Amino acid sequence: ELFDIHRSLEGVERRFETFEEFISFGEMMIGDFSEIDLYCVDAARLFSHIHEHKRLGEWDVSGKPLTPFQEKYLNFYNSLFVYYSRLRQRLGENKQAYTGMAYRNVAENIDSLIGNLDCSHIYFVGFNALSASEARIVDCFAKNGIGTLICDGDDYYFKDLRQEAGYFLRNNAKKHSDVGNFGEHFAQGDREIHIINCPENIQ
């Protein structure tokens, strides 16, 4: 779908003529779109700011006009919101979504969706750093008394404000009474740590 959009855009440099050339770039673009939706970001404003930032980077104080390469470069950044909005529209019409889009759609409609569930209670287990869409969904379930957030943690991180790793746990505990009282497991007993050098990429 995104490649079809790429081929249909006019006035934008199409750097990739084949799907094989486009696929890695397309994957990166959809990954960025997914993050935007996971965090419920105003995409129009974000892409406008990115374009303006790039324009400043190409600005010449002497007033020299932009080169054709610079024009194409800026046109591409100016087209990002078109890619994003057209992809969301096409996928929505086909009842499809990438990950972040699905989360955002649920989060933005959670109040109307929550009454249609065929269950009495949902436990959200293993979450820690919730995205904005995840937080909205979990908070709605908790507020309606049919959802519980269960986080894995340790007081070593949770209670010590200097520990950045406990930041999200502490934020979750402010809204969810079930988060906390982890106990001190890291501080108990001796630890033996082995450091093994792996100079090559290991998969």
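Which backbone nitrogen does the side chain of Asp160 reach, and at what distance? Let me start there. This is a predicted model, by the way, so everything I say is about that model. The answer is the backbone nitrogen of Arg162, at 3.0 Å. Asp160 sits in the loop between helix 9, residues 155–158, and helix 10, residues 167–175. Now, is Asp160 buried or exposed? Its relative accessible area is 19%, and the cut-off for buried is under 20%, so Asp160 counts as buried. Once you skip residues up to four places away in sequence, Asp160 touches Asp155 and Arg170.

Okay, on to the cores. The largest nonpolar core has 21 residues. Which ones have the most contacts inside it? Those are Met29, Phe33 and Tyr83. As for who contributes, at least two residues come from each of these: helix 1 (2–8), helix 2 (19–38), helix 3 (43–58), helix 4 (68–78) and helix 5 (80–93). If you want to click on one residue, take Met29. With neighbours within four places in sequence left aside, Met29 is in contact with Leu2, Phe76, Leu80 and Tyr83. There's also a second core, separate from that one, with 16 residues, and Leu130, Leu149, Val179 and Phe182 are among them. As a bit of background, nonpolar side chains in soluble globular proteins tend to be buried together.

Next, charges. How many salt bridges does the structure hold? The count is 10. Again as background, side chains of opposite charge can pair when their charged atoms come close. The part I'd zoom in on is a network of salt bridges that links Glu1, Asp4, Arg7 and Arg90. Let's go through two of the pairs that involve Arg90.

One is Arg90 with Glu1, where the side chains meet at 2.9 Å, N to O. That pair links distant parts of the chain: Arg90 is in helix 5, Glu1 is in the segment before helix 1, and they're 89 residues apart. On accessibility, Arg90 comes out partly exposed at 28%, and Glu1 is partly exposed too, at 37%.

The other is Arg90 with Asp4, with the side chains at 3.6 Å, N to O. Asp4 is in helix 1 and Arg90 is in helix 5, so this bridge ties together parts that are 86 residues apart in sequence. Asp4 has a relative accessible area of 33%, so call that one partly exposed.

For a local bridge, go to helix 6, residues 99–108. Arg104 and Glu108 both lie there, four residues apart, about one turn of the helix. Their side chains form a salt bridge at 2.9 Å, N to O. Which partner is buried and which is partly exposed? Arg104 is the buried one at 10%, while Glu108 is partly exposed at 43%.

While we're in helix 6, have a look at Met101. Met101 is buried, at 3% relative accessibility. What does Met101 contact beyond its neighbours within four places in sequence? The list is Asp37, Arg88, Leu91, Gly92 and Gln96. Asp37 is worth a distance label: its C-alpha is 5.5 Å from that of Met101, although the two are 64 residues apart along the chain.

Here's another buried one, Ser131, also at 3%. Where is Ser131? You'll find Ser131 in the loop between strand 1 and helix 8, which runs 132–143. Leaving out residues up to four places away in sequence, Ser131 touches Leu38 and Tyr39.

Last stop, the surface. Which residues make the nonpolar surface patch of about 310 Å²? That's Tyr123, Val125 and Ile150. Tyr123 belongs to strand 1, residues 122–125. With 55% relative accessibility, Tyr123 counts as exposed.

To wrap up, if you open the model yourselves, here are three places to go. Start with Met29, one of the residues with the most contacts inside the largest core. Then go to Arg90, which shares a salt-bridge network with Glu1, Asp4 and Arg7. And finish back at Asp160, with its side chain reaching the backbone nitrogen of Arg162. Thanks, folks.

How values were computed
Residues are numbered from 1 along each chain as its sequence is written. This is a predicted model: local features need pLDDT of at least 70, side-chain atom pairs count only at pLDDT 80 or more; totals for chains, interfaces and linings use all residues. Side-chain values use heavy atoms; hydrogens and water are left out. A nonpolar core is a set of buried Ala, Val, Leu, Ile, Met, Phe, Trp, Tyr and Cys residues joined through side-chain atoms within 4.5 Å. Buried means under 20% relative accessible area, exposed over 50%, partly exposed in between (1.4 Å probe, protein chains only). Contact means heavy atoms within 4.5 Å. A salt bridge is a side-chain nitrogen of Lys or Arg within 4 Å of a carboxyl oxygen of Asp or Glu. Patches are made of residues with over 30% relative accessible area and no salt bridge: like charges are joined within 9 Å, nonpolar side chains (Val, Leu, Ile, Met, Phe, Trp, Tyr) within 5 Å. Accessible areas come from the Shrake-Rupley method with a 1.4 Å probe; for residues, only the protein chains shown count as cover. A polar contact is a pair of N or O atoms within 3.5 Å; within protein, one must be able to donate a hydrogen and the other to accept it, and residues adjacent in sequence count only if both atoms are side-chain atoms.
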